[in-house]
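Please examine the sequence and the structure shown below. The report then takes up the chains and one of the contacts between them.

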Amino acid sequence: MPERRARAGRSRLDGKLDRIREAEEAGLLEHARGSRALRKMLGNRLSLLGLAVFSAIVLSALLAPWICRYDPQKIDLRSVLRPPSAAHLFGTDKLGRDIFSRVLHGGRISILVGLGSALGAAAIGILLGSYGGYKGGPADRAFLRLSEVFMAFPQIILVLLLVSIVGQSVSNLVLIFVATGWGSIYRMTRARMLSIREEEYVQALRAFGLPDLLICYKHMLPNALGPIMVNITLSTAMFILQEAALSFLGLGVPLEIATWGNILNAANDINVLARYWWIWLPVGSVISLFVLSVNFIGDGLRDSADPSQLG
Amino acid sequence: MIAYTLRRFLALAPMMLLMTFLVFLGLELTPGDAVSFIAGPEAMANMDGSQLAALRESLGLDDPFLARYFRWLGGVLRGDFGYSLTSGVPIARIVAERLPATLELSAAALLVSTLLGSALGLASALNRGKALDQALTVAGMIGVSVPEFFFGLVSILVFSIELKWLPVGGRTRPEYLGLWDRLPHLVLPALVLGVSMTAGVMRYARASMLDALGKDFMRTARSKGLPEARVDLVHGFRAALAPIAVLIGFRLPMLIGGSVVIEQIFQWPGVGSEFLAAVRGQNYPLVMTIALLSVLAVLAASFLVDLATAALDPRVKLS
Amino acid sequence: MEGETLVRVRNLRTYLYANGRCNKAVNDVSFDVRAGRTLCVVGESGCGKSVTAASIMQLLPPLARIESGEIAYRSAEGELRLDRLPRNGRAMRSLRGRDLGMIFQDPMTALNPVYSIGFQIRESLRYHTRLGAPARRAKAIELLADMGIPLPAQRSGEYPHQLSGGMRQRAMIAMAMACEPKVLIADEPTTALDVTVQAQVFDLMERLKRERGTAIMLITHDMGVVAELADEVVVMYMGNVVESGTVREVLKSPAHPYTRALLGSIPLLGRGRSQRLEPIRGSTPDPFDRPPGCQFAPRCPRQEPACDAGLPPEVEVSAAHRVRCLFAKEGRDGR
């Protein structure tokens, strides 16, 4: 249609559509093959980037003892508050400790707390939620009520309240996170199971007389796992943020253990904040990057697990 | 409407009762002599052991647990929360002094994040797939990922210390009086507190708007010959509003929680920084009271969200 | 003017683009919509009938394009090439709602749930007439009354979810007819409704045609509806018009195997249980993997190798009856 082309203001979209049409007419296009979910995930550049950053940070934290030249706890009063240099990549803090080494070693604790809490909360939430959603009953109603009570608090306030009661330690923190975090995954699993329960294959399995536990955990749960995985990913990010905030406030992991939040704690001092940026800026950026990468991965997982989005 | 409010209040009552019970249980189980936060510190200082025992007796501290609970609950309902363990000041007075600052900060952050978040989400959805949308999507992800306090630290360094545009912290200076004078103090904390909520609202507003854009009624609106801007805003955005209001309601607890950290960073004299001090000092009566109030705030917020949703979506019935 | 051609569609091709593929949803379609007549476009879902309607209204999705052909509308000021107007430009917008009205399949989703139906009717008036607010209010109520809605003043303030399905569709028609358009395009207007309500909606459309001389283009998949309402009929299959003509000719002596199959697959009232229904064998082909020639060939009882040689040309069976089939003439009597 040369006449048409000359007339209408042609956009870039038109050019793109022309190319598709020509390819279609030449019979070059065919149906895409392979796993759609995988294809979508791989096609999502941001999730891939997130995966790369995530792996890099996790690996360097795991390999910290082999990467770092300095002991993260070693106090060296001869080199205090040194700015970043070849000897000390991220500089040194008030006690002359190497910040790069502290960031890598701190990552181990921070990631452990975040991932451990997310997995712990998920384990409880899934265990209770899938059976509760499938069978119901008074126990389920009680747990539902309990989760409502927990979720009525702003999370950080509940966490701080519990910290004030049980005291500060890494394991206490994980326990508190699990106690305050299981509710959301429990409710989500429960809701998924409630809808799966109505599907015909479940009715069929029941008619066969299979034990409830088998139906629930072996046959139904796998079909609810997609959104649960996304939730675990995102709650890992949330717990890491919370650990950082608590430790920054001096109420999380005890200060003598290096974690990302504890390193940032030094920035409570306006003097440090204004003059010694290397003490807090790099570690804050690492936390941000890590959480960002986890969130991108979670987003990618969600998109690829969601069949309602075409592509 | 009034009937609904009443019904809703009655429905919340058991929940609140349970909360107060848990809080009282917490108070009982935590260390610290109950006498000290019922009688007030001055009275305590002038007493010896036998007087103390007599006081315990007269205050009913040796009564059965449930009796003590109901007496405490009666006090709470009259606004008597007992005394702070560290300063001896009635808790009600501490909270009353500090609540306005927190409300001011939260309201400002809520206002900013609601308006900015919806507007950016709308712009993002209307430019789906274009550079603006992609930039906003990445920015939104950064907004929900960067820890609020880190964002606060960076903004203090940039805007207060380096550029000297805004004060480092605090709510006011002695010579200032009006809100207008205080505004420079409010800007940074409110923006920082609102940042992650803005990002959250934006992401959700975008999704909700995209959903609305795909609806059949948009085509109907076009079939009437309405201008595109009217189709997008009057039909699309209006229909997308109710879900956005729901999200804002869900996020409010996070805003309330976030204010604890932000008040600390900006030395904002609100309930949040008092809460932190109480947690540090294991000042349990104060910790519990503030936690109870935060629950009340969350429940009130969810009630407001229900009202807003009903106002925005005629299909929703208040019942 | 009764019988005057208001919309002329010639050799229309509209392609849909999705996921990097191109679907030739409407491929060479021609027909006329005349004043005071009902043109029925009939075919299975996916045959391109809705895309054809959307092309006329320029209400296509963003990734759809009119590739060639013409859509001409005879307006009061002379003939307008609708396909050449910018999609959401001023000219096209002033035609939509004023000259061309459209009603949709499911009034529940096609009406905005957050506005009263009165508001949605008044919106049209606001953009296409000079009526002031009170006059628009009165006119909206009058329109609802005209469409046979009881208590129109009260209904006008109600929201779509408060009305029954039939009421909703009448409100929808009131909205489309607000500015007395000369052409009404109805895209399966009764598919989502009960059978009894269907009849009421069709009565209403008949009345509009009779009393106002509205040209109606009715899209349907139901041959019963065609028999009931149509003056002219266009049968579409996989983006092509396979048969077209006056309703008498097409229904009495269907010349295309697909039309015959459609007619053979509906039960006729009064013939009792003994009648033999013949479902069409096979299923519609994948739009991205089309047969090379006649699109119906793989499902056709009359199929021959020649059918795959290319799209059969249109053959005139009689002055008011055209068919796209190689065996149109011989196949007329029996099979």
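What follows covers confidence, the make-up of chains B and C, and the contact between chains B and A.

The structure is a predicted model. For the complex, the predictor reports an ipTM of 0.86 together with a pTM of 0.84. In chain C the mean pLDDT is 87, and 95% of the residues score at least 70. An exception is residues 331–335 of chain C, where pLDDT stays under 50. For that stretch the model has 5 contacts beyond four places in sequence. Predicted coordinates should not be read in detail where pLDDT is low.

Some overall descriptors of the two chains are set out below.

| Chain | Helices and strands | Box along the principal axes | Buried residues |
|---|---|---|---|
| Chain B | 13 helices, 0 strands | roughly 85 × 55 × 35 Å | 42% of 319 residues |
| Chain C | 11 helices, 12 strands | roughly 65 × 50 × 40 Å | 49% of 335 residues |

Chain C contains both helices and strands, 11 of the former and 12 of the latter. The radius of gyration of chain C is 21 Å, which agrees with the value near 20 Å that a compact globule of 335 residues would have. Of the contacts in chain C between residues at least 6 apart in sequence, 64% join residues at least 24 apart.

Chain B, by contrast in its make-up, has 13 helices and 0 strands. Its pattern along the sequence is accordingly written α-α-α-α-α-α-α-α-α-α-α-α-α. Among contacts in chain B with a separation of 6 or more, 73% are between residues 24 or more positions apart.

The remaining topic is the contact of chain B with chain A. Here, 35 residues of chain B are in contact with 31 residues of chain A. On the chain B side, the elements that give two or more residues are α1 (2–29), α7 (131–145), α8 (148–162), α11 (228–265), α12 (271–280) and α13 (284–312). Which of these elements gives the most to the side of chain B that touches chain A? That element is α11(B), with 7 residues. By residue class, this side of chain B divides into 28 nonpolar and 7 polar residues, with no charged residue.

In summary, chain B is built with helices and 0 strands, whereas chain C has helices and strands. The side of chain B that touches chain A holds no charged residues.

Definitions and conventions. Residues numbered from 1 in each chain as written. Chains lettered and ligands numbered in written order. Predicted model: local features only at pLDDT ≥ 70, side-chain atom pairs only at ≥ 80, totals over all residues. Helix = DSSP H or I, 4+ residues; strand = E, 2+ residues; numbered from the N terminus. Rg over C-alpha atoms; globule rule 2.2 N^0.38 Å. Buried ≥ 20, exposed ≤ 12 C-beta atoms within 10 Å, placed from the backbone. Contact = placed C-beta atoms within 7 Å. Nonpolar A, V, L, I, M, F, W, Y, C, P; charged D, E, K, R; others polar. pLDDT = per-residue confidence, 0-100.
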